[in-house]
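These notes record what I looked up in one model, entry by entry.

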Amino acid sequence: MKVKFPTNLVEAREFQKSIAVKVSLKDTVRKIKRIGALDVAYKGDIGYAAGVIYDLEEKEIIEKQTFSERVTSPYIPTFLFLREVPLFLNLVKKFTNDPDIVFIDGHGIAHPQTAGSATVFGVLWDKSTIGIAKKPLRPFSYEKTKTKNMDRIFIKDRLVGIRYKVRKDWNPIYISPGNRVSVNTSFEIVKRNMTEKYKLPYPSQVAHAFSLEAKSIV
DNA sequence: GCGACAG
DNA sequence: ATCTTGTCGC
């Protein structure tokens, strides 16, 4: 798919609007066998993107890939996709295994324009993606659920994700659909892949560690 | 009007 | 995200 990537913030906002109308929150994935996870580490203006694919049946990481490139867009809240999505699109070209769904560090639809990194990437690649962030993006509001450690995240009266407090004394994580998955399923999949020691799901942990490794072993 | 604001 | 010392806690 050919895409003319935005070159300034005005174009970027229009781009996000065009992405937002293409988002699907339907659960298209029947059975999840492989989960992908992507993350980026930086050294100066070089971004080191790392991706892993976790096989749920084998219970192991079956593939790891990296892609690094100079990143010129500065970090501006709500415009993170300008920095990371180009790296992700190049990185996933290297995958020989096709993931059923992909975890992305950052927000999906829990974003002012309904178009966080996980959503932009998910729509462009036409893949199921889930955004997992450590901090919320304003404006937002919460609504309690029956479960004590999870709250619904709302943006302008629209359910956009789940705030999940993995451990009582840990800061919560913010889970939202990127594309082709519902809010509830996003939460269930992430919850099902947690480990005891970290607040991020296993595939994300490995992707994060791998990006740091890729950054330092240069 | 100013400030808050993923990684 | 990254830059960084000591320090608190399991």
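**Entry 1: the surface near DNA strand C.** I began with the classes of residue on the surface near DNA strand C, in what is a predicted model. I counted three nonpolar, no polar and two charged residues there. By name, the residues around DNA strand C are Ala 41, Tyr 42, Lys 134, Leu 212 and Lys 215. I then asked which elements supply at least two residues of this surface. They are β1 (34-43) and α5 (202-216).

**Entry 2: polar contacts to DNA strand C.** I looked up phosphate oxygens of DNA strand C beside N or O atoms of the protein. For Tyr 42, a polar backbone atom is 3.3 Å from a phosphate oxygen of this strand. For Lys 215, an N or O atom in the side chain is 3.0 Å from a phosphate oxygen. For Lys 134, a polar side-chain atom lies 3.5 Å from a phosphate oxygen.

**Entry 3: DNA strand B.** I turned next to DNA strand B, which has 18 residues around it. Tyr 75, His 107, Ser 117, Lys 134 and Arg 138 come nearest. I recorded the classes of the surface near DNA strand B as seven nonpolar, six polar and five charged residues. Of the atoms of DNA strand B within 4 Å of the protein, I noted that 54% belong to sugar or phosphate, and the rest to bases.

**Entry 4: polar contacts to DNA strand B.** I returned to Lys 134, where a polar backbone atom is 2.8 Å from a phosphate oxygen of DNA strand B. Arg 138 has a polar side-chain atom 2.8 Å from a phosphate oxygen of DNA strand B. At Thr 78 I found a backbone N or O atom 3.1 Å from a base nitrogen of that strand.

**Entry 5: cavities.** How many cavities of 30 Å³ or more does the count give? I found one. The volume of the largest cavity is about 30 Å³. Its lining consists of His 107, Ala 110, Pro 136, Leu 137, Phe 140, Ile 153, Ile 155 and Tyr 174. I classed seven of these lining residues as nonpolar and one as polar, with no charged residues.

**Entry 6: Arg 167.** I located Arg 167 in the loop between β8 (158-164) and β9 (173-179). Is Arg 167 buried, partly exposed or exposed? I entered Arg 167 as partly exposed, because its relative accessible area is 26%. Leaving aside residues up to four places away in sequence, Arg 167 touches Thr 195 and Glu 196. Arg 167 and Glu 196 are 29 residues apart in sequence, and I noted a C-alpha to C-alpha distance of 9.3 Å.

Definitions and conventions:
Residues are numbered from 1 along each chain as its sequence is written. Chains are lettered from A and ligands numbered from 1 in the order in which they are written. This is a predicted model: local features need pLDDT of at least 70, side-chain atom pairs count only at pLDDT 80 or more; totals for chains, interfaces and linings use all residues. Side-chain values use heavy atoms; hydrogens and water are left out. Helices (H or I, at least four residues) and strands (E, at least two) are DSSP runs, numbered from the N terminus. Buried means under 20% relative accessible area, exposed over 50%, partly exposed in between (1.4 Å probe, protein chains only). Contact means heavy atoms within 4.5 Å. A residue is near a molecule or strand if one of its heavy atoms lies within 4 Å of it. A polar contact is a pair of N or O atoms within 3.5 Å; within protein, one must be able to donate a hydrogen and the other to accept it, and residues adjacent in sequence count only if both atoms are side-chain atoms. Ala, Val, Leu, Ile, Met, Phe, Trp, Tyr, Cys and Pro count as nonpolar, Asp, Glu, Lys and Arg as charged, and the others, Gly among them, as polar. On a 1 Å grid over the protein atoms alone, a cavity is a set of points where a 1.4 Å probe fits but cannot get out, and a pocket is an open set with protein on both sides within 12 Å along at least five of seven lines; lining residues have an atom within 4 Å of a point. Grid points are joined across faces, edges and corners, and a volume is the space filled by probe spheres set on the points.
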